[in-house]
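Colleague: Please take a close look at one part of this model. I would like to see how two domains of one chain meet.

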Amino acid sequence: MSVNQVSVFLENKSGTLNRMTEVLAVNNINIRALSLADSSEFGIVRMIVNDVFDAVNVLKENNFVAILTPVLVYGIADEAGYLNNLLQNFTEADVNIEYMYAFAGKERAYMIFRVNDTKKAEAVLNGKGLKSLTQEEIAAV
Amino acid sequence: MGNYFQEEIECAPVEKIKALQDELLPKQVRYVWENVPYYRKKMEDKGVTPDDIKSADDLYKLPFLSKADLKEAYPYGLLAVPLKDCVRIHSTSGTTGKRVVAFYTKEDIDIWDDCTARAIVAAGGTKDDVCQVAYGYGLFTGGAGLDGGSHKVGCLTIPASSGNTERQIMFIMDLQATILCCTPSYAAYIAETLKEMGYKPEDIPLKAGIFGAEAWSEEMRRDIEKTLGIKAYDIYGLTEISGPGVAFECSEQRGMHINEDHFIAEIIDPDTGEVLPEGSQGELVFTSLDKKAFPLLRYRTRDICTLTREKCSCGRTHIRMAKPKGRSDDMLIIRGVNVFPSQIETVLMNNGYAANYQIIVGRVNNTDTFEVKVEMTPDMFTDNLGEVQARRKVLEDGLRAMLGIKAKVTLVAPKTIVRSEGKAVRVIDTRKI
């Protein structure tokens with residue numbers, strides 16, 4: 001199952017990221033993973049949060065443009081070589097990665113992927129015995 | 001075919017209108033000559049006397065009045081009656097220098113109310129309607145003008161004035177307002193707010209809108225019409241001549257009928273002052289035929305547009321003016337090119353953005369900088385950096401195609417561009433020339 005990532009448009013000026021984290025903080029939303037992509041003029045924040053719908057709602061209420069993007073999350077052992085193995089499967093399955101980021105949990109490491117064709121990638125990788133995490137599983141990590 | 005407030009004059013044969021103007025203009029010129037020394041001097045300087053004005057065809061002989069004259073004659077220099085005969089003033093929202101103050105007698109207001117009543121009836125208004133006037137009340141002519149017309153038609157009038165959008169929406173929904181009168185930018189804001197609150201066009205009781213006092217594009221009209229589920233009518237006017245209702249749109253929505261029994265319109269070459277033939281684009285000039293307190297002759301509006309006498313299927317015979325491309329003082333000259341904010345609005349709306357933008361013009365090393373700030377919307381946002389850049393580029397290309405010069409488009413967060421609840425602040429020009 002793919003997971004909904006929250007993607008937020010941010011103007012490229014000081015304080016805007018902090019304004020966003022403040023909105024999430026006062027609404028008690030926990031950010032599990034975050035990555036920031038930027039151009040010279042604007043940025044896009046991509047996040048995995050504990051409550052996706054609350055996050056989008058409170059962001060919209062506070063005049064942020066926030067949308068949901070499906071991403072695939074895989075848990076791997078937090079040891080040398082496991083990411084390499086995972087990516088070999090992607091290569092064999094001809095899955096193109098648009099971007100990825102990661103976070104380390106207590107026992108495992110979690111890799112978040114945005115791919116060109118989420119459904120196809122998920123099916124092919126599932127066939128290789130790789131199960132992507134569900135929204136509930138990621139919240140429980 | 002449509003409904004008329006004063007059918008006999010609104011649909012009179014063209015010859016009858018001409019005959020009326022031929023009768024009224026010489027009288028009005030003599031009235032001004034005798035009562036407004038400021039204009040009499042201008043006529044004398046030009047070697048014209050009231051005897052030279054025998055019919056409306058002689059109008060071209062008269063000197064022009066401009067905003068500069070109004071500043072010079074401030075406050076009483078163009079007043080034609082004793083103050084005790086005046087019952088009200090209105091004043092323009094003037095951006096620089098002295099404000100313009102216009103005076104009205106009781107009669108002047110009565111005629112003005114007739115004009116706005118014609119506009120309301122042309123938009124389908126009857127005494128069964130609930131007309132919410134969300135133009136500002138006060139010195140601005142918008143509120144008082146439509147209020148007066150609404151009373152004449154017999155609508156239930158909600159004098160909401162501008163601002164306090166939540167309250168506007170409460171009245172629209174609770175009192176089932178059917179006609180909304182305000183500036184187009186405020187109409188767009190109300191529409192956007194209703195949409196955000198989850199109201200669909202079919203839930204909104206409004207059926208018509210009368211929107212004027214600032215330039216707006218056809219795209220903006222379609223957008224407002226769609227969101228509110230209404231037909232949106234343009235209305236034109238200026239404080240110097242009376243206020244909204246000098247011209248108004250009929251159900252055909254193809255230009256605004258000028259109330260020719262009260263005003264004569266001309267199109268002139270703004271550089272030479274020469275009168276241009278029907279259909280030419282130029283500066284719009286108005287002469288009031290029966291104003292008592294503040295009777296301006298050949299007042300240059302600075303609005304750039306065209307006139308047409310082509311037959312209108314609504315039945316009205318009065319000449320129509322095209323939507324002005326913008327006041328010549330709204331026009332920006334950037335890197336030597338004429339730019340109207342309405343052109344930028346057109347590009348934005350064609351590309352799926354709302355008309356929330358701001359133009360920022362500056363000057364660095366003797367070259368003009370030209371930036372357009374556009375608010376990001378959830379529809380236009382994607383998670384992909386390259387895609388957002390590409391969409392930004394599409395806007396830049398569209399602006400270049402429309403204007404012929406390059407603009408830098410900056411995407412900004414929603415609701416960061418200051419919205420006025422009256423007129424929108426569209427341009428920030430920091431050039432010091």
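Modeller: Here is the domain contact, followed by one residue of the other chain. This is a predicted model, in which local features need pLDDT of at least 70, side-chain atom pairs count only at pLDDT 80 or more, and totals for chains, interfaces and linings use all residues. Residues are numbered from 1 along each chain as its sequence is written, while chains are lettered from A and ligands numbered from 1 in the order in which they are written.

Chain B splits into domain 1 (1–325) and domain 2 (332–429); the bounds come from an automatic or database domain assignment. Their C-alpha centres lie 30 Å apart. Across the boundary, 19 residues of domain 1 of chain B are in contact with 14 residues of domain 2 of chain B (contact: C-beta atoms, placed from the backbone, within 7 Å).

On the domain 1 side, the elements giving two or more residues are helix H8 (184–196) and helix H9 (218–228) of chain B. Helices (H or I, at least four residues) and strands (E, at least two) are DSSP runs, numbered from the N terminus. H8(B) gives the most to that side, with five residues.

Now to chain A. A:Phe42 lies in strand S3 (residues 42–49) of chain A. A:Phe42 counts as buried because it has 23 C-beta neighbours inside 10 Å (buried: 20 or more other C-beta atoms within 10 Å, all placed from the backbone). Leaving aside residues up to four places away in sequence, A:Phe42 touches A:Phe9, A:Leu10, A:Glu11, A:Asn12 and B:Leu411.

Notes
Two residues are in contact if their C-beta atoms, placed from the backbone, lie within 7 Å. A residue is buried if 20 or more other C-beta atoms lie within 10 Å of its own, exposed if 12 or fewer, and partly exposed in between; C-beta atoms are placed from the backbone.
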